[in-house]
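Subject: Structure for your review

Dear colleague,

Please find below the structure that I am handing over to you. I should be grateful if you would look through it alongside the notes that come after it.

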Amino acid sequence: FWSKYRNLLDKLYSNFERFKIAQKDEQIINLNNKKSIVDYIRQINTSNLKDSKEWKSTSKKVIKKQEEWNSIGFVPKESKIELWTSYRSACDTFFDAKKVFFDQQKEAFKFNKHLKTGLCKKAEKLLQNDNLNELTKEFIQMQSEWKKIGSVQQRDEQYLWHRFQNACN
């Protein structure tokens, strides 16, 4: 009975040992996969992203990598905290840069909206004047100023343009 019990126990331990070795190998593969995701996110050069379209497409890629990160299994315990810290740092760096870009863009839109609203008010005020020669020159000058001013948020762009165009017409 004892030898039969010992043989079964040895078989169980050898199976468990093979399981642990396979699990450790899988965790090392997971570790390498997660490291490659961290490297991918770190290699994104945010200074090359010039407009919101590029930022949005790159953000989609990063989010896809984050989903891939979540689908990968466990990593060895000894490298878990360091890997998580580097992953969080890489993601935070990217999304902080994205936030800075869109905050700057928002401020530029706000400033441009202020300038374009000023032109609209000026054009509407000039409609009170009766001298057509002066008006024509003034409106042509304001139209060239309008072109030099950058864009504003999409929801405001059409409204301001129609308002300015109606005053010019």
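The notes below deal with the helix contacts, then with two individual residues, and finally with the cysteines.

Please bear in mind throughout that this is a predicted model.

**Helices H1 and H2**

Helix H1 spans residues 2-42 and helix H2 spans residues 52-71; their axes come within 10 Å and cross at roughly 165°. H1 is therefore roughly antiparallel to H2, and the crossing of the two is left-handed. On the H1 side the contact is made by Lys34, Ile37, Val38, Tyr40 and Ile41, which meet Lys61, Val62, Lys65, Glu68 and Trp69 of H2. Sorted by class, the residues of this contact comprise 6 nonpolar and 4 charged, with no polar residue.

**Val38**

One residue of H1 deserves a separate word, namely Val38. With a relative accessibility of 3%, Val38 is classed as buried, because the limit for that class is under 20%. Leaving aside residues up to four places away in sequence, Val38 touches Trp69, Leu83, Ser86, Tyr87 and Ala90. Of these partners, Leu83 lies 45 residues from Val38 along the chain, and the C-alpha atoms of the two are separated by 8.4 Å.

**Helix H3 with H4 and H5**

Helix H3 covers residues 77-126 and helix H5 covers residues 154-168. The axes of H3 and H5 come within 8 Å, with a crossing angle of roughly 20°. This makes H3 roughly parallel to H5, and the crossing is left-handed. From H3, the residues Lys113, Lys116, Thr117, Leu119, Cys120, Lys121, Ala123 and Glu124 take part, and they meet Asp156, Glu157, Leu160, Arg163, Phe164 and Ala167 of H5. The contact of H3 with H5 consists of 6 nonpolar, 1 polar and 7 charged residues.

The second pairing involves helix H4, residues 132-148, whose axis comes within 11 Å of that of H3 at a crossing angle of roughly 170°. H3 is thus roughly antiparallel to H4. Here Lys116, Leu119, Cys120, Lys122, Ala123 and Leu126 of H3 meet Leu135, Glu138, Phe139, Met142, Glu145 and Trp146 of H4. By class, this contact holds 8 nonpolar and 4 charged residues, and no polar one. Lys116, Leu119, Cys120 and Ala123 are listed in the contact with H5 and also in the contact with H4.

**Asn112**

Asn112 is likewise part of helix H3. Asn112 is buried, its relative accessible area being 12%. Residues up to four places away in sequence aside, Asn112 touches Ile149, Gly150, Ser151 and Val152.

**Cysteines**

The structure contains 0 disulfides. Why does Cys120 form no bond with Cys168? The closest cysteine sulfur to that of Cys120 belongs to Cys168 and is 8.4 Å away, which is too far for a bond; a disulfide would need the two sulfur atoms within 2.5 Å. Cys120 is also buried, with a relative accessible area of 1%. Cys91 is buried as well, and its relative accessible area is 0%.

With kind regards

Technical notes: Residues numbered from 1 in each chain as written. Predicted model: local features only at pLDDT ≥ 70, side-chain atom pairs only at ≥ 80, totals over all residues. Heavy atoms only, no water. Buried < 20%, exposed > 50% of the residue type's maximum accessible area, 1.4 Å probe, protein only. Axes fitted to C-alpha atoms, helices over the stretch in contact; angles between N-to-C directions. Helix = DSSP H or I, 4+ residues; strand = E, 2+ residues; numbered from the N terminus. Parallel < 35°, antiparallel > 145°, perpendicular 65-115°, else oblique. Left-handed = near helix turned anticlockwise from the far one by under 90°. Contact = heavy atoms within 4.5 Å. Nonpolar A, V, L, I, M, F, W, Y, C, P; charged D, E, K, R; others polar.
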